[in-house]
Amino acid sequence: MSKYTVKRTAGVGIGYTSVMVIFVIICLTLLAVLSYTASGANQTLNDKSRDYMTEYYAAESKVDKTIFDINETIYSCLQDGMFDWTFEDAVSQINGVKVFTAPDGFSVTFVTDINDRQQIFTELSVPIDPSFSENENYTIVKRQVIYTDDGISEGKPENVWDGNF
């Protein structure tokens, strides 16, 4: 043997492999925590969406019921033969319905609550001489969701920074 032999090592030691394994485990754990958090947020959003859709369709059902009641009132006033004299008083007795006289007939409006911040506003136009058909007694002029609260609760001060420390 020569007195100048060089000892050669394997290149990558045990310490480097351990550090890489620990780094991979930390990365995988972090990804698992992030995906769990994201799935929880998605579940919360799905629950809120489901609850809102349930509220909305329940309110739509109430709107349809009110329109049906108005149509029934139109039909009964037509059967009396004095539609233009009895319609305004008869339809005003339906809960929440307001009637206004328009040049071509009557304007009927009502509001139905969806939740504490939103409502469905509906406006119908009823001609002065409607027919006896089931579908042509009125025209839906407007049916839209309106916001009742701009996010500020009455009686509670808004928590806004005034610029002072």
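**Notebook: salt bridges, sheet and core**

Entry 1. I began in helix α1, where Asp69 and Lys65 lie 4 residues apart and are therefore separated by about one helical turn. The model I am reading is a predicted one. I then looked up how the two side chains meet: Asp69 and Lys65 form a salt bridge, at 3.0 Å from N to O. For the surroundings of this pair I noted the accessibilities. Asp69 has a relative accessibility of 24% and counts as partly exposed; Lys65, at 48%, is also classed as partly exposed.

Entry 2. I next turned to Asp47, which forms a salt bridge with Arg50, with 3.2 Å between the closest N and O atoms. These two residues are 3 apart in helix α1, so about one helical turn separates Asp47 from Arg50. Asp47 is partly exposed at a relative accessible area of 26%, and Arg50 is partly exposed at 48%. I also checked whether the pair stands in a wider arrangement, and found Asp47, Arg50 and Asp51 linked in a network of salt bridges.

Entry 3. Which residue forms a salt bridge with Asp64? I found Arg143, with the closest N and O atoms 2.7 Å apart. This pair links distant parts of the chain, since Asp64 belongs to helix α1 and Arg143 to strand β4, 79 residues apart. I recorded Asp64 as partly exposed, with a relative accessible area of 41%, and Arg143 as partly exposed, at 33%. A search of the whole structure returned 5 salt bridges. As a general remark, side chains of opposite charge can pair when their charged atoms come close.

Entry 4. I traced the sheet that contains β4. It is an open sheet of 4 strands in the order β1-β2-β3-β4, and the pairing is antiparallel. The edge strands, each pairing on one side only, are β1 (98–102) and β4 (139–147). On average, and with direction ignored, neighbouring strands of the sheet are turned by 20° against each other. Between β3 and β4 I noted 8 bridges in the antiparallel sense; the bridge partner of Gln119 in β4 is Ile146. Helix α1 packs on this sheet and touches β2, β3 and β4, with its direction at about 20° to that of β3.

Entry 5. I then examined the interior. The largest nonpolar core has 20 residues, and those with the most contacts inside it are Ile70, Phe83, Phe87, Val97 and Val108. At least two residues of this core come from each of α1 (14–80), α2 (83–92), β2 (105–113) and β3 (118–127). Helix α1 gives the most, with 7 residues. In general terms, nonpolar side chains tend to be buried together in soluble globular proteins.

Entry 6. What does Val97 touch, leaving out residues up to four places away in sequence? I listed Thr66, Ile70, Val91, Ser92, Val108, Thr109 and Phe110. Of these, Ile70 and Val108 are also among the residues with the most contacts inside the core.

Entry 7. Finally, I looked up the cysteines Cys27 and Cys77. How many disulfides does the structure hold? I found 0. Is Cys77 buried or exposed? Cys77 has a relative accessibility of 2%, and because buried means under 20%, it counts as buried. Cys27, by contrast, is partly exposed, with a relative accessible area of 30%.

Note on methods
Residues numbered from 1 in each chain as written. Predicted model: local features only at pLDDT ≥ 70, side-chain atom pairs only at ≥ 80, totals over all residues. Heavy atoms only, no water. Core = buried A, V, L, I, M, F, W, Y, C linked by side-chain atoms within 4.5 Å. Buried < 20%, exposed > 50% of the residue type's maximum accessible area, 1.4 Å probe, protein only. Contact = heavy atoms within 4.5 Å. Disulfide = S-S within 2.5 Å. Pairing = 2+ DSSP bridges. Axes fitted to C-alpha atoms, helices over the stretch in contact; angles between N-to-C directions. Salt bridge = Lys/Arg side-chain N within 4 Å of Asp/Glu carboxyl O.
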